[in-house]
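Here are my notes on this entry, as numbered points. Please read them with the structure open.

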Amino acid sequence: MPLIRIEVSDFKSYRGHQVIGPFKNFTSVIGPNGAGKSNLMDAISFVLGVKSAQLRSSQLKDLVYRGRRLAKGPLDGSDATQDQEDDDNSDDQGEGTAKKAWVLAVFQDEKRKEWLFQRTISTTGASEYRLNNKVVTYSAYNAALTSHNILVKAKNFLVFQGDVEAVASQSPRELSRLIEQISGSLELAQEYEKAKEAQERATENATFNFTKRRGIAGEIKQYKEQKGEAERFESLCDQKDDLILKRILYKLFHIEEALEANARDIQTKSKALAGLRAEHEEHEKALENVRAEQARARTAVVREEKKVKKAEKALEAKEPELVEVDAQIKHSSRKLQNSQKIQEQVGNDAERQQAKLHSLRRDLSNAKQAADEAAEAHRRASQHNTSLSEDSLAEYRSLKASASVLAVSERQALETLGRDEKTISRTLTQARTKDEELQRNQERLRGDEQTQKASKSELEEKLATLQGDHARSKQEYENQQSERTRISRLETETNEKLADVYQRLLQAGVDRNESEREAKLKETLASLQRIFPGVRGRVVDLCKPTQRKYETAVSVILGRNIDAVVVDEEKTAIECIDYMRTQRAGQATFLPLDTISTKPINDKFRSFARGARLAVDVIQYEPAVERAMLHACGNALVCDTMDVARYVCWERGQEVKAVTLEGTVIHKSGLITGGRSTHGGGKKWEEKDVQASGIESLETEGQGRRKRHC
């Protein structure tokens with residue numbers, strides 16, 4: 001919404017009525033110092049409701065003109081839009097005679113409608129606000145400005161001198177505070193905090209109410225389901241009562257016929273029992289015969305096993321000898337081959353030495369022949385007495401000396417050959433001796449080889465015989481094993497039958513013992529109730545499942561507390577224990593209502609999951625024994641299926657005991673207990689219902705008979 005013009009009268013340095021404007025989209029006010037530029041900004045701030053402290057004045061009366069006399073007239077020659085009679089009459093007055101001052105601001109909205117905002121003050125400090133020439137309160141005046149997005153406290157309409165520098169030097173927190181101040185949100189901070197707190201409280205209340213409503217809806221739904229189940233249970237109870245009554249009447253009607261039929265059956269069964277006993281004796285005899293045959297078969301098998309083991313040991317004992325003989329044969333063969341090689345080598349050496357000997361003998365005979373010829377020539381020469389001259393003799397001597405020198409090597413060679421001949425002769429003699437020895441060893445080894453071959457053949461024949469015996473023994477052993485298996489199977493079947501019969505007998509004995517123990521416990525409990533007034537009874541007698549399908553689960557949850565005795569005080573429990581100890585009436589667990597510890601029930605489990613219920617919600621009991629029931633059941637849940645129990649304990653991670661209708665338990669630690677239940681609580685409640693129904697039926701029948709007699 002743009003500002004059109006400003007009209008002032010006796011405001012600060014403006015004397016008289018002055019009109020400033022019109023203002024355009026961009027208007028610049030210029031002038032020397034003291035010309036009134038800042039006072040124009042103060043006038044705009046003043047008419048928009050800014051306090052005097054922010055207009056460079058301590059009091060509002062300081063804003064009234066107190067300067068020298070000035071001529072009146074508009075700055076731009078335009079006429080005034082409003083007649084101010086008081087100001088017109090004060091033109092001729094002197095300095096400091098103005099009693100009031102006012103500023104008028106003309107705005108134009110988007111519909112081009114003009115809005116006149118005027119603020120007047122007097123020297124006494126009084127203020128007056130006009131909106132479109134009508135006197136209004138400051139609240140209405142400020143509301144009109146706010147409707148045009150002019151926030152006085154935020155001062156979002158003007159930027160004063162030094163504001164830009166001050167804003168630029170501010171910290172981020174101060175800038176945020178300035179933005180909040182300009183936007184006007186700072187004024188609403190307290191209201192925002194209060195509204196936020198109120199919103200949080202309202203959210204918490206709504207969440208609490210929604211949770212409470214959802215819990216109430218779940219309880220209502222659960223109560224409806226329980227109501228439906230109770231109605232169905234009541235109808236089924238009525239049907240059960242009718243059926244029990246019919247059954248009892250039928251039993252009473254047919255009891256005599258049953259007695260006669262039982263008597264006849266007893267006679268028939270007695271005769272059949274005699275036959276069965278005879279057959280049993282025959283089977284016992286057959287069993288004894290089979291056991292004796294089995295014992296003989298076992299003895300034969302043991303005997304054959306001993307033979308087989310003995311043969312195997314003998315075979316194992318012969319194997320080292322056979323290995324040793326094979327090793328000796330191989331060693332003798334190697335020695336024979338080596339001897340043959342040495343014999344061939346010695347023969348070759350002997351032939352070479354013989355040839356060399358012949359060559360040396362031939363050379364020796366040639367040398368002897370040459371020597372004989374030389375001696376014969378010398379002899380013939382001496383016979384003719386041929387005398388040699390000195391020269392010939394000297395030549396003869398020189399030739400003889402030369403021949404002697406030349407014959408040295410020959411003589412040495414001859415001596416060497418002689419020595420070699422002797423050596424070769426000795427070597428040949430030794431070789432022939434060794435050859436003869438090797439021949440003898442060869443003959444001996446051949447004899448040993450024949451002996452070992454004969455022993456090997458004998459051992460192989462014996463091994464073949466033993467292997468055949470072993471195969472026959474093994475076949476007999478397998479036959480005995482198959483026979484033994486068949487006998488073991490027959491024995492197992494017979495033992496299973498005997499075990500089954502034995503278990504039935506034991507079960508019959510256990511049932512009888514339990515019945516006796518139950519009767520004894522009831523008798524003891526009746527004595528305690530008769531002697532001590534604070535004894536209320538057993539837990540199984542004080543509570544009852546709302547439906548038959550919960551009986552197994554409730555009996556599992558109660559566990560060992562199902563036969564516990566509930567008493568009013570701890571003193572009564574101690575007296576009962578002393579009485580039972582004195583009377584030797586056995587042992588019992590007592591739950592005193594005044595000192596027993598109980599944990600509070602967690603209500604979230606009442607509607608935690610579909611198909612899961614608290615155990616205390618599926619049993620009926622009197623309010624007086626509530627603490628005992630809470631102690632026995634705790635926060636245990638009864639789940640319709642195993643999937644529901646797994647969802648509660650594992651998927652949702654709740655540490656709570658969950659029991660299915662079949663009796664399977666998921667403990668707090670995560671362990672699972674299941675299988676066939678050993679608890680008899682369900683049967684106890686069934687027996688109680690049958691007994692109660694039978695008693696009621698008999699009482700009803702007795703009353704009907706009395707009425708008929710009457």
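1. Start with Asp-448. This is a predicted model, and in it Asp-448 is partly exposed, with a relative accessible area of 34%. Its side chain meets that of Arg-444 in a salt bridge, at 3.5 Å from N to O. Arg-444 is partly exposed as well, at 44% relative accessible area. Both residues belong to helix H7 and sit 4 residues apart, about one turn of the helix.

2. Helix H7, residues 390-531, also holds Arg-446 and Glu-443. These two are 3 residues apart, again about one turn. Their side chains form a salt bridge with an N to O distance of 3.8 Å. How covered are the partners? Arg-446 is partly exposed, with 39% relative accessible area. Glu-443 is partly exposed too, with 48%. The bridge counts because 3.8 Å falls within the 4 Å limit for a side-chain nitrogen and a carboxyl oxygen.

3. Helix H12 has a pair of this kind. Arg-646 and Asp-643 both lie in H12, 3 residues apart, about one turn of the helix. Their salt bridge spans 2.3 Å, N to O. Arg-646 is partly exposed, at 30% relative accessible area.

4. How many salt bridges are there by this rule? The count comes to 22. Beyond the pairs above, one group deserves a look: Glu-229, Arg-613 and Asp-640 are linked in a network of salt bridges.

5. Now the interior. The largest nonpolar core has 46 residues. Val-539, Leu-558, Val-566 and Val-638 have the most contacts inside it. Which elements give two or more residues to this core? The helices are H8 (539-542), H9 (551-558), H11 (626-633) and H12 (642-651). The strands are E11 (612-614), E13 (637-639), E14 (658-660) and E15 (665-666). Apart from this core lies another, of 31 residues, with Val-8, Tyr-14, Leu-63 and Phe-107 among them.

6. Val-566 is worth selecting on screen. Neighbours within four places in sequence are set aside here. Its remaining contacts include Gly-534, Val-535, Arg-536, Gly-537, Val-539 and Leu-542. Leu-591, Leu-593, Val-625 and Ala-628 are also in contact with Val-566.

7. Is helix H9 mostly covered or mostly open? Mostly covered: 7 of its 8 residues are buried. The buried residues are Glu-551, Ala-553, Val-554, Ser-555, Val-556, Ile-557 and Leu-558. Glu-551 and Ser-555 thus appear in the buried list beside the nonpolar side chains. After H9 comes Gly-559, with a positive phi near 60°.

8. Next, the cysteines. How many disulfides are there by this rule? The count is 0. Cys-633 is in no disulfide, and the nearest cysteine sulfur, that of Cys-543, is 6.8 Å away. Cys-633 is buried, with a relative accessible area of 7%. Cys-649 is in no disulfide either; the sulfur of Cys-639, the nearest from another cysteine, is 6.6 Å away. Cys-649 is buried, at 8%. Neither distance, 6.8 Å or 6.6 Å, meets the 2.5 Å cut-off, so no disulfide is assigned to these cysteines.

9. Look at the surface of helix H6, residues 189-383, where Leu-245 is found. Leu-245, Leu-249 and Leu-252 form a nonpolar patch on the surface. Together these leucines have about 230 Å² of accessible area. Leu-245 counts as partly exposed, at 33% relative accessibility. That value is over the 30% needed for a patch, so Leu-245 can belong to one.

10. Last, the whole chain. The protein chain has 13 helices and 16 strands. Of its 710 residues, 28% count as buried. The chain exposes about 48800 Å², and carbon and sulfur atoms supply 52% of that area. Take the contacts between residues at least 6 apart in sequence: 64% of them join residues at least 24 apart.

Terms used. Residues are numbered from 1 along each chain as its sequence is written. This is a predicted model: local features need pLDDT of at least 70, side-chain atom pairs count only at pLDDT 80 or more; totals for chains, interfaces and linings use all residues. Side-chain values use heavy atoms; hydrogens and water are left out. Patches are made of residues with over 30% relative accessible area and no salt bridge: like charges are joined within 9 Å, nonpolar side chains (Val, Leu, Ile, Met, Phe, Trp, Tyr) within 5 Å. Accessible areas come from the Shrake-Rupley method with a 1.4 Å probe; for residues, only the protein chains shown count as cover. Buried means under 20% relative accessible area, exposed over 50%, partly exposed in between (1.4 Å probe, protein chains only). A nonpolar core is a set of buried Ala, Val, Leu, Ile, Met, Phe, Trp, Tyr and Cys residues joined through side-chain atoms within 4.5 Å. Contact means heavy atoms within 4.5 Å.
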